[in-house]
Structures are given as structure tokens and as C-alpha cells.
Amino acid sequence: MHMTDPYRAHASFIRPAWPMRDIWRVLVVLFVIDLVFEMSPMILGLILPPAAMDAYQAGTTAFGTLAQFFSFGVAGLAVVGVVRLVHKRGFWTLVGDPAAAWADLKRVALAVGLVLLAVEVLQLGGIADDPPVMRDFGTWVVFLPLAFLALLVQVGTEEIFFRGYLQQQLACLSPSRWVWMVIPSVLFGLIHYWNGSGASDGVIWAIWAGLLGLACADLTARTGNLGAAIGLHLANNAFALLLYAVEGWPASGLALFIYPYEDPQSYDYALQTLLHPSMIVYALTLGASVLVMWLAARIAIRR
């Protein structure tokens, strides 16, 4: 039986990267983007007044959380600029066909969002003994358009760099999926290690983000654009950041429900706890959540 290549659209997606696929160019871009990302807080410090900068660094207010997400735009502009300088190609070569990308983004964001909403409804019976406090609903709704725009800047920047630029360039250097799919996903996972409250929590974050990266890489290869990957990533982050948060924790300023403050250090478990059965079950649950989102996205794009 003749089997069609599920990644046939990937060939056209990476074609703009072929003319200038030298490895040194990739290393230059990686160095510059890492430098810009590290310097972003300093750049914002030159623009924002002291009170606004304090809110940005804390991320516990609506303004501070929005500023944190919008600040990814600095790195996003840097990616587009340095790719134009080093590779002589523009923004849409990193994204793919704009009409197809927009259509896939909407379809996947809606499908994954509905699945995550269903999961939230099923979990309502398991609310903790100390329930969260609900913020003013009207205020939360007013902030939603800005919140989604800020999240789009955040996830768009990450997808353009990891599933756009890196995936394209590495695919031109090697046809192996271990190179163009796995390497960007591993790097994506590693940068999320620092989201954890200690070594073991960081490892869980890295594994989860690496799996999410693989799902987004697969969707990009199947569709030949970033729309589906951005849609999945956007829906995931929206549910993770706009519904629930812990009081006083970073990026908690836009959540509708707030749990009482907990010391982040209470999640700083020793590395050997990763082998505990409860932690293994937790890791498997996170992996299953990525699988469910990926399947919802696959159904939405019909590929």
C-alpha cells in the first residue's frame, strides 16, 4: 500500500532557508538572540519608569504580567531583524503562507481550547479544601483582549524562533528528525527549566516543555506553517495563565482565580524525588495532557 508522506508540506516550509544554510549563520543568530533575550530587562529599564519596572519584574499585577508577556516582542523583533541580516530573508519565510497560518491558528486554538475547557469542567469536583478567590469578573473580561494579544506576542516569538527559524535551518542541514525536530525541542525544554522552583521542579518543567515542543514541531511539519503550533501553544498558555494563579507568584496578574500564597521553595524537592511513584504519575499526566492537545490539533487540521 502506498503511504503518503505526512511531512510533505515541510519541504516547501524550509525552502526559503536553503540558499543560506551555513552552520556559522545559525550560530551567529543563536548568539545574538540569546544576548538580546538576556538584555531585554535592561532595555525595558531604560524605557519604563521605576514603578512600572518594579511591576514588570514582579509580574503580580495586570500591568506587570502584560509587560512580561509583551516584552517577548523585543526578542521577536530581534529574530526577524537578525535573520534578515544574516540569512537575507523576511518575516513570512519564518511563518509560512499567511492565509493558511491564520486559518490553522484559529482552528487549532479553538479545538485545543474546547478540550482544555472540558478538562476544567471535569475537574470541578476535585477543587481543593482551600478554594481560590475569584477576582472581579468584569475587570478580568476587560483585560482579556490585551491578555490574548500579549500571549500571542509571547508564543509567537517562541514559535517563530524554535519551530520557524531553528527547525527550518536544521532541516536544511540534515533530513533527520532527530536533528530538526528533537534539537529545537530539547533547547525549548531547557530554557523552561528555569521556570521551576528548584532542580526537580525544573526537570519536570523541561520535560513538559520539550514534549510540547515536539508536538508543535510535528504540527509545523504537517501543515507547512506555524499557525497550528501557535494555536496549540496559545490555547495552552491561556488556560495556564488566565484562569488560575497563586497570589504573589510571577505572571499571576491576569488570572481569574487566585490561590493563597505558597512559598515557591516548598516545591524545591531533591532530585531523587523524581523517582517517587507520585512524581512519575504526575510526569505521565503532563505527558498525556500534551498528547491530548496534539490529538485535538490533529483533528482540527485533519492531517
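**Exercise 1. Describe the second largest pocket: what is its volume, and which residues lie closest to its centre?**

Solution. The second largest pocket of this predicted model has a volume of about 530 Å³. A pocket here is an open set of points on a 1 Å grid over the protein atoms alone, with protein on both sides within 12 Å along at least five of seven lines, and lining residues have an atom within 4 Å of a point; the volume is the space filled by probe spheres set on the points, which are joined across faces, edges and corners. Among the 19 lining residues, Gly113, Phe148, Ala238, Phe239 and Leu243 are the closest to the centre. The elements that contribute two or more residues to this lining are α7 (98–122), α8 (137–173) and α11, where helices are DSSP runs of H or I with at least four residues and strands are runs of E with at least two, numbered from the N terminus. By class, the lining holds 17 nonpolar, 1 polar and 1 charged residues, with Ala, Val, Leu, Ile, Met, Phe, Trp, Tyr, Cys and Pro counted as nonpolar, Asp, Glu, Lys and Arg as charged, and the others, Gly among them, as polar.

Two conventions apply: residues are numbered from 1 along each chain as its sequence is written. Local features need pLDDT of at least 70 and side-chain atom pairs count only at pLDDT 80 or more, while totals for chains, interfaces and linings use all residues, and side-chain values use heavy atoms, with hydrogens and water left out.

**Exercise 2. Compare the span of helix α11 with the expected value, and state how many of its residues are buried.**

Solution. Helix α11 covers residues 227–242, and its 16 residues should span 22 Å, the expected span being 1.5 Å times one less than the number of residues. The end C-alpha atoms are 21 Å apart, which agrees. As for covering, 14 of the 16 residues of α11 are buried, that is, under 20% relative accessible area, whereas exposed means over 50% and partly exposed lies in between (1.4 Å probe, protein chains only).

**Exercise 3. Work out the order of the strands in the sheet, and explain why β1 and β2 each have a side without a neighbour.**

Solution. The open sheet consists of 3 strands in the order β1-β3-β2, with mixed pairing, two strands being paired if DSSP finds at least two bridges between them. Because β1 (133–134) and β2 (244–246) stand at the edges with a single partner strand each, one side of each has no neighbour in the sheet. Strands β2 and β3 pair in the parallel sense over 3 bridges, and Ala245 stands opposite Ile258 in β3.

**Exercise 4. Is Gln167 buried or exposed, and which residues does Gln167 touch?**

Solution. Gln167 is placed in helix α8 and counts as buried, at 0% relative accessibility. Leaving aside residues up to four places away in sequence, the contacts of Gln167 (heavy atoms within 4.5 Å) are His10, Phe162, Trp180, Pro184, Ala217, Thr220 and Ala221.

**Exercise 5. Locate Asp268 and describe its surroundings.**

Solution. Asp268 sits in the loop between β3 (257–259) and α12 (277–301), and is partly exposed with a relative accessible area of 38%. Its contacts, again not counting residues up to four places away in sequence, are Ser197, Gly198 and Ala199. The C-alpha atoms of Asp268 and Ser200 are separated by 6.8 Å, although these residues are 68 residues apart along the chain.

Note on methods
1 Å grid on protein atoms, 1.4 Å probe; cavity = no way out; pocket = protein on both sides within 12 Å on 5 of 7 lines; lining within 4 Å.
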